Amino acid sequence: MAPVQAVKYEEELKRNPDLKDEDIQLLRDWCKKQPHLPSITDSELALFLHSNYYQVEITKTTIDTFYTVRTHVTEFFSNRDPLGTKELRKSFKTITVQVLQNKTPEGYAILYGRLIDEEPSHYVYNDGMKYLSMVCDLWLHKEGTSNGHIILFDMKNVGFGHAARLSPMGLKKYLYYLQEALPVRLKGFHFMNITPVMDVILNMMKPFMKKELLDMLHTHTNLDTLSKFFPVDLLPNEAGGKGGVLLELHEKSLKVLEENREWFLEEERTKRVNESLRPGKGKTASDLFGVEGTFKKLDID
């Protein structure tokens, strides 16, 4: 298989009647006045504009935040070689992250994540988030705009040992990126097969979640409540659906990442901000997230 091709801007115009050339032109002109930003294609601008329901001013903020976070949160967005990074290869054996093959009746894509190795000491949160972002990035590059996205974490076999490996700062950074920067129309944030450990995890997450995200957060102990949101047949077989064998889907998803190794290397080289060129004062990670180490360590017995 050849590496995936980026969605074409002409295709985005056909797909989205509300997408207007003049809005893209406004964004192009604005980008020219932002010397710190990388080069951004028209189809990427269309993705940002669509995710903000065509509000130009908000889109500008999203664009800046997107590239700024990706530059400063190196634990999620650097060393993304799917073939050459030892930590990433380990993560591929510990969890699976994949976009399910079929969309919901409304046309929403489902990003599904689950442990495939239950041993807590093998789970590394930052590497898991890096893997999740890579799957999402490549999917957006290839597919472009979409009616919506649902994030679904299957909590099967997640225990207190896993929760103890989470850090409030790590959760804060990802939730900030998800809410302020990721160019998708998020329609649902679901956790299935939950157990009592979910309370601990949610207590860590909720301080960093805006009302909009809290309103679309749903937890499920069984498929009955999940089925009210989308057909459970879309899920992998092992999760109670008919979407295919989990490990086969996992291998297929990994293969796509590996085949696009060059794209990930290029993205990391060329799609970051240059703070020395930012108009006004350059930004740092602590400008975005506060100072590392101000959180107490989570103790779980």
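## Strands, helices and aromatic pairs in a predicted model

Within strand 2, Arg 114 is the bridge partner of Thr 96. This pairing is a good place to enter the structure, which is a predicted model. Thr 96 belongs to strand 1, and five bridges join that strand to strand 2, the two running antiparallel. Strand 1 is mostly covered, with five of its five residues buried. The cover extends to both faces: Ile 95, Val 97 and Val 99 are buried on one side, and Thr 96 and Gln 98 are buried on the other. Helix 13, made of residues 246-259, lies across strand 1 and strand 2 (108-115), and its direction is at about 75° to strand 1.

Stepping back, these strands are part of an open sheet of five strands in the order 1-2-3-4-5, with mixed pairing. At the edges are strand 1 (95-99) and strand 5 (217-220), each of which pairs on one side only. From one strand to the next, the twist averages 15°. Further into the order, strand 3 (residues 148-154) pairs with strand 4 (residues 186-192) in the parallel sense, over six bridges. For His 149, the bridge partner in strand 4 is Leu 186.

Attention now turns to the aromatic side chains. The model holds 15 aromatic pairs. In one of them, the ring centres of Phe 76 and Tyr 174 are 6.2 Å apart and the planes meet at 65°; planes over 60 degrees apart count as edge-to-face, so this pair is edge-to-face. The pair links distant parts of the chain, as Phe 76 sits in helix 5 (residues 74-77) and Tyr 174 in helix 9 (residues 168-180), 98 residues apart. Both Phe 76 and Tyr 174 are buried. Trp 263 and Phe 264 also form an edge-to-face pair, at 5.1 Å centre to centre with 75° between the planes. Trp 263 has a relative accessibility of 23% and therefore counts as partly exposed, while Phe 264, with a relative accessible area of 0%, is buried.

Phe 76 and Tyr 174 also belong to one aromatic cluster, whose members include Phe 48, Phe 66, Tyr 67, Phe 77, Tyr 125 and Tyr 177. Another ring, that of Tyr 53, has a charge for company: the charged end of Arg 185 sits over this ring, 3.8 Å from its centre.

Two residues from the helices complete the picture. Leu 45 lies in helix 3, which covers residues 42-51. Its relative accessibility is 1%; because buried means under 20%, Leu 45 counts as buried. Beyond the residues up to four places away in sequence, Leu 45 touches Ile 24, Leu 27, Arg 28, Cys 31, Ile 40 and Ile 63. Asp 137 is 92 residues from Leu 45 along the chain, and 14 Å separates their C-alpha atoms.

Lys 60 has its place in helix 4, residues 56-72. Is this lysine buried or exposed? At 17% relative accessibility, Lys 60 counts as buried, because the cut-off is under 20%. The side chain of Lys 60 is joined to that of Glu 57 by a polar contact of 3.0 Å. Leaving aside neighbours within four places in sequence, Lys 60 is in contact with Leu 27 and Trp 30. Leu 27 thus appears among the contacts of Leu 45 and among those of Lys 60.

Notes
Residues are numbered from 1 along each chain as its sequence is written. This is a predicted model: local features need pLDDT of at least 70, side-chain atom pairs count only at pLDDT 80 or more; totals for chains, interfaces and linings use all residues. Side-chain values use heavy atoms; hydrogens and water are left out. Helices (H or I, at least four residues) and strands (E, at least two) are DSSP runs, numbered from the N terminus. Buried means under 20% relative accessible area, exposed over 50%, partly exposed in between (1.4 Å probe, protein chains only). Contact means heavy atoms within 4.5 Å. A polar contact is a pair of N or O atoms within 3.5 Å; within protein, one must be able to donate a hydrogen and the other to accept it, and residues adjacent in sequence count only if both atoms are side-chain atoms. Two strands pair if DSSP finds at least two bridges between them. Axes are lines fitted to C-alpha atoms, for helices over the stretch in contact, and angles run from 0 to 180 degrees between N-to-C directions. Rings of Phe, Tyr and Trp (its six-membered ring) pair if their centres lie within 6.5 Å; planes under 30 degrees apart count as stacked, over 60 as edge-to-face and the rest as tilted. A charge sits over a ring if NZ of Lys or CZ of Arg is within 6 Å of the ring centre and within 35 degrees of the ring normal.
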